[in-house]
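User: Please examine one part of the model shown below and place it in its wider context. A single connected account would be preferred.
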Amino acid sequence: MEIFDIENWNRKQHYNHFSKLKDPYFGVTITVDVTKAYHFSKEKKISFFGRYLHDCMKAINDVDELKLRINNSVVEKHEVINASATIMRQDNTFGFSFIYFDENLDVFLNNLENEKQRINSTTDLFPPVNGLDCIHCSALPWLSFSGHKEPVSGEIDSVPKLAFSKIVFNNDKIEMNVAINVNHALVDGYHVSLFAEKFQYYLNK
């Protein structure tokens, strides 16, 4: 883990301003083309959610600013960011997962499956592992939303928050909206646009 010297950081003024706001988060909703990822999942008989979440996590880990976290007024950069996704149970309640990221899709899908089994065998809300080295994300496959707002705890928070919408079939294209909320003390619109480009790149592979 890398610790930033804020006094000598080129974003010092930016950080000092936005980190003092009551709600320093800003959010956008982007549309991604999931056609290839969707058909790949169907052909391989694997989880579509797992496939696009893996692509998302590869993109997250490609953008350094999305790996920054504020911990007790210290800015840290984690080497690897994992996924804390909400997983629904059969009774329509949910639990928070902690899915370790791996570049290998099969390993990642296995990590996801293990978390699904753990959540379905317990009523716990939070996972045994719960750190800052993750993103918080959820899928809303019942809604094709064009805007999204995350809850705000009131505490200093710097973990990016994402939500994935229902897919929409548009002629021969399949699209999905993705909402991303980030702490503006650490991340700007430019960095979110880098994430969007990289996410689409991996979805197309």
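Which residue in E8 stands opposite Cys-137?

Analyst: The residue in E8 that stands opposite Cys-137 is Leu-162. The model is predicted, so local features need pLDDT of at least 70 and side-chain atom pairs count only at pLDDT 80 or more, while totals for chains, interfaces and linings use all residues. Residues are numbered from 1 along each chain as its sequence is written, and side-chain values use heavy atoms, with hydrogens and water left out.

Strand E7 (residues 134–140) pairs with strand E8 (residues 161–170) in the parallel sense, over five bridges. Here strands (E, at least two residues) and helices (H or I, at least four) are DSSP runs numbered from the N terminus, and two strands pair if DSSP finds at least two bridges between them. Ala-139 also has a bridge partner in E8, namely Phe-164. Phe-164 in turn has Val-178 as its bridge partner in E9. E8 and E9 run antiparallel and are joined by eight bridges. They form a hairpin with two residues between them, and Asn-171 in the turn has a positive phi of about 60°.

These strands belong to an open sheet of six, in the order E2-E9-E8-E7-E5-E6, with mixed pairing. E2 (25–33) and E6 stand at the edges; each has a single partner strand, so one side of each lacks a neighbour in the sheet. From one strand to the next, the twist averages 20°. Helix H2 (residues 35–44) lies across E2, E8 and E9 (173–183), running at about 110° to E9; contact means heavy atoms within 4.5 Å, and the angle, on a scale from 0 to 180 degrees, is taken between N-to-C directions of axes fitted to C-alpha atoms, for helices over the stretch in contact.

At the E6 edge, Phe-94 is found within residues 94–96 of that strand. Phe-94 counts as partly exposed because its relative accessibility is 39% (buried means under 20%, exposed over 50%, partly exposed in between, with a 1.4 Å probe and protein chains only). Phe-94 joins Met-88, Leu-125, Phe-126, Trp-142 and Leu-143 in a nonpolar surface patch with about 630 Å² of accessible area together. Such a patch is made of residues with over 30% relative accessible area and no salt bridge, nonpolar side chains being joined within 5 Å and like charges within 9 Å; areas come from the Shrake-Rupley method.

A second open sheet has three strands in the order E1-E4-E3, with antiparallel pairing. Two bridges join E1 to E4 (residues 74–77), and Ile-3 has Glu-76 as its bridge partner in E4. Side chains add a further link, as Glu-2 and Lys-77 meet in a salt bridge (3.7 Å, N to O), a term that requires a side-chain nitrogen of Lys or Arg within 4 Å of a carboxyl oxygen of Asp or Glu. Since Glu-2 lies in E1 and Lys-77 in E4, the pair ties together parts that are 75 residues apart in sequence. Lys-77 also forms a salt bridge with Asp-64, the closest N and O atoms being 3.6 Å apart. Asp-64 is in the loop between helix H3 (48–62) and E3, 13 residues from Lys-77. Shared partners thus join Glu-2, Asp-64 and Lys-77 into one network.

Elsewhere, Asp-188 and Arg-11 form a salt bridge at 2.8 Å between the closest N and O atoms. Asp-188 is buried at 18% relative accessible area, and Arg-11 is buried at 12%.

Conventions. Accessible areas come from the Shrake-Rupley method with a 1.4 Å probe; for residues, only the protein chains shown count as cover.
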